[in-house]
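Student: Could you take me through one part of this model up close? I'd like the aromatic rings, and whatever sits around them.

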Amino acid sequence: MGRLKKLRNFIDILKDKASLIKATLSITRCHASVNVAVLHTTTHNLSPPSEKRLAAVLNFGNGSRLTACACIEVLMDRLHDTQSASVALKCLLTIHNVINRGSYILKDQLSFYPCCGGKNFLNLSNFRDNSDVETWELSNWVRWYAGLLEQSLMVSRVLSYYFCSCDSYIVDNKDKEQKVLSLLNSELLNEINVLVDFTERICEAPDSLHVNSMVFEVMRMVSEDFMLVQSEIFVRVMELGNRMESMIYGTESTQVFNVLKRLEDCKERLNREDNDGFWDLIRQTKKKVLMVKEKREEMRLVVVTMGYRDESAVSESTRF
C-alpha cells in the first residue's frame with residue numbers, strides 16, 4: 001500500500017511537470033503566464049497553496065479584463081478537468097481567495113462564469129476521487145466546499161455586494177444600517193434567509209478522520225466568513241426586531257420566527273459559544289415575535305367575540 005502511494009505521488013509530480021512544460025510552450029504569452037501561475041498554485045501535493053502562488057494568480061485581476069477573464073477560465077478548466085481531490089480543493093481555495101481578496105474585475109468574471117453564474121455553476125456535486133481512503137474522504141470536502149462557495153456568491157448577489165470581501169464598498173456598521181433601513185420587509189426577510197442558508201451550509205461540513213493542512217486552511221477561511229455573516233445577520237435581525245410591532249401580515253412574523261429557529265439550531269451544530277451578544281439577540285427577537293403573535297391572536301379573538309355579540313343583539317332586536 002505504501003509503495004503504491006509513493007508511485008502515485010511520483011506520477012502526480014510528473015503530471016505537474018508535464019503540465020507546466022505544456023503551458024510554457026503556449027503560443028499566446030498572456031495565456032502561458034496565466035496557465036503557469038494557476039498550475040503552480042494547484043499542484044497535486046496535499047499542502048495548501050503558498051501566499052506567493054496565490055498572490056501571482058490574484059495579480060491578474062489588476063490588468064485588463066481580458067487577462068482576468070483568461071485567469072478565471074484557466075482556473076475553472078483546471079477544476080473541472082481534474083480527477084484529483086487535492087487539485088480540486090486547491091482550485092476551490094484559490095477561488096475562495098479570489099472572492100475574499102481579488103480585485104472587482106476578477107470577482108466579476110467569477111460571478112458570471114461562464115455567462116451567468118447559476119446555483120450549481122461549480123458543478124462538483126458528483127465529484128469523487130477513489131484513489132484511496134484519504135482521497136475518497138477528501139472528495140467529501142471538495143463537494144461541500146464547492147457548494148459553500150456557490151452559496152457565498154448567491155448571498156453576494158442578493159445583498160448586492162461581496163459581504164466577505166476586504167474591499168467591499170460597505171465598510172462599517174453605520175453604512176450597513178442605512179442600507180438595511182431602506183429595505184422592504186420582504187427584501188429584509190429574503191436577505192436573512194440567504195444568510196441563514198449559508199450558515200446551514202457551514203453546518204454540513206464533513207466529519208473526517210483524515211484532516212490535513214489543506215482542510216485546516218479551508219476551515220480557517222470559512223470561520224472568518226462566518227464571523228462576517230454573523231455581522232450581516234446581526235444588523236438585519238436588529239432592524240426586524242424594531243419592525244415587529246408594525247408588521248401588517250401575520251405570515252411575515254411566522255417567517256421571521258422560522259428563520260430565527262433555523263439559525264438557533266445552527267448554534268448547536270456549530271458548537272459555537274462565542275459571540276454571546278449575537279445569540280442573545282436571536283433569542284430575544286424570537287421571544288418578541290412570539291409575544292407579538294400572541295398579542296395579535298388575543299386581538300383577533302376579541303374582534304371575533306365582539307362580532308358574535310353584535311350578531312346576537314341584532315337577532316334579538318329582529319325577534320322583538
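Tutor: Here is a walk through the rings, with the setting before and a few neighbouring spots after.

Keep in mind that this is a predicted model. The backdrop is helical: the protein has 12 helices and zero strands. Of its 320 residues, 47% count as buried. Contacts across the chain matter for what you asked: among contacts with a separation of 6 or more, 77% are between residues 24 or more positions apart. The accessible surface comes to about 17,500 Å², and carbon and sulfur atoms hold 57% of that.

Now the rings. A pair of aromatic rings is described by the distance of the centres and the angle of the planes. Counting pairs in this model gives five. Take Trp144 and Tyr145: their ring centres are 6.3 Å apart and the planes meet at 20°, so this pair is stacked, given that planes under 30 degrees apart count that way. Neither ring's residue is out in the open: Trp144 is buried at 5% relative accessible area, and Tyr145 is buried too, at 0%. Compare that with Phe163 and Phe198, an edge-to-face pair with 5.6 Å between centres and 80° between planes. This second pair ties together distant parts of the chain, 35 residues apart: Phe163 is in the loop between α7 (133-159) and α8 (173-181), while Phe198 belongs to helix α9 (residues 185-203). Both of these phenylalanines are buried. Going back to Trp144 and Tyr145, they are also part of a cluster, in which ring pairs link them with Trp141.

Next, the ring of Tyr162. The charged end of Lys107 sits over that ring, 5.3 Å from its centre. Tyr162 also turns up in the surroundings of Asp108, which lies in helix α6 (residues 104-111). If you set aside neighbours within four places in sequence, Asp108 is in contact with Arg65 and Tyr162. With Arg65 there is a side-chain polar contact of 3.1 Å. And Asp108 is buried: its relative accessible area is 17%, and the cut-off is under 20%.

While you're in that loop between α7 and α8, have a look at Ser160, which lies there as well. Most residues other than glycine have a negative phi, and most peptide bonds are trans. Ser160 has a positive phi, near 70°. Unlike the buried residues above, Ser160 is exposed, at 52% relative accessible area. You'll find another positive phi at Asn123, near 55°. Asn123 is in the loop between α6 and α7, and at 52% relative accessibility it counts as exposed.

Two more stops, to put the rings in context. Helix α5 (residues 85-101) has 17 residues and reaches 24 Å from first C-alpha to last, close to the 24 Å expected at 1.5 Å a residue. Of those 17 residues, 16 are buried, so α5 is largely enclosed by the rest of the structure. Asn242, in helix α10 (residues 213-243), is instead exposed, at 59% relative accessibility. Its C-alpha is 9.9 Å from that of Lys288, and the two residues are 46 apart along the chain.

Terms used:
Residues are numbered from 1 along each chain as its sequence is written. Side-chain values use heavy atoms; hydrogens and water are left out. Helices (H or I, at least four residues) and strands (E, at least two) are DSSP runs, numbered from the N terminus. The expected span of a helix is 1.5 Å times one less than its number of residues. Buried means under 20% relative accessible area, exposed over 50%, partly exposed in between (1.4 Å probe, protein chains only). A polar contact is a pair of N or O atoms within 3.5 Å; within protein, one must be able to donate a hydrogen and the other to accept it, and residues adjacent in sequence count only if both atoms are side-chain atoms. Contact means heavy atoms within 4.5 Å. Accessible areas come from the Shrake-Rupley method with a 1.4 Å probe; for residues, only the protein chains shown count as cover. Rings of Phe, Tyr and Trp (its six-membered ring) pair if their centres lie within 6.5 Å; planes under 30 degrees apart count as stacked, over 60 as edge-to-face and the rest as tilted. A charge sits over a ring if NZ of Lys or CZ of Arg is within 6 Å of the ring centre and within 35 degrees of the ring normal.
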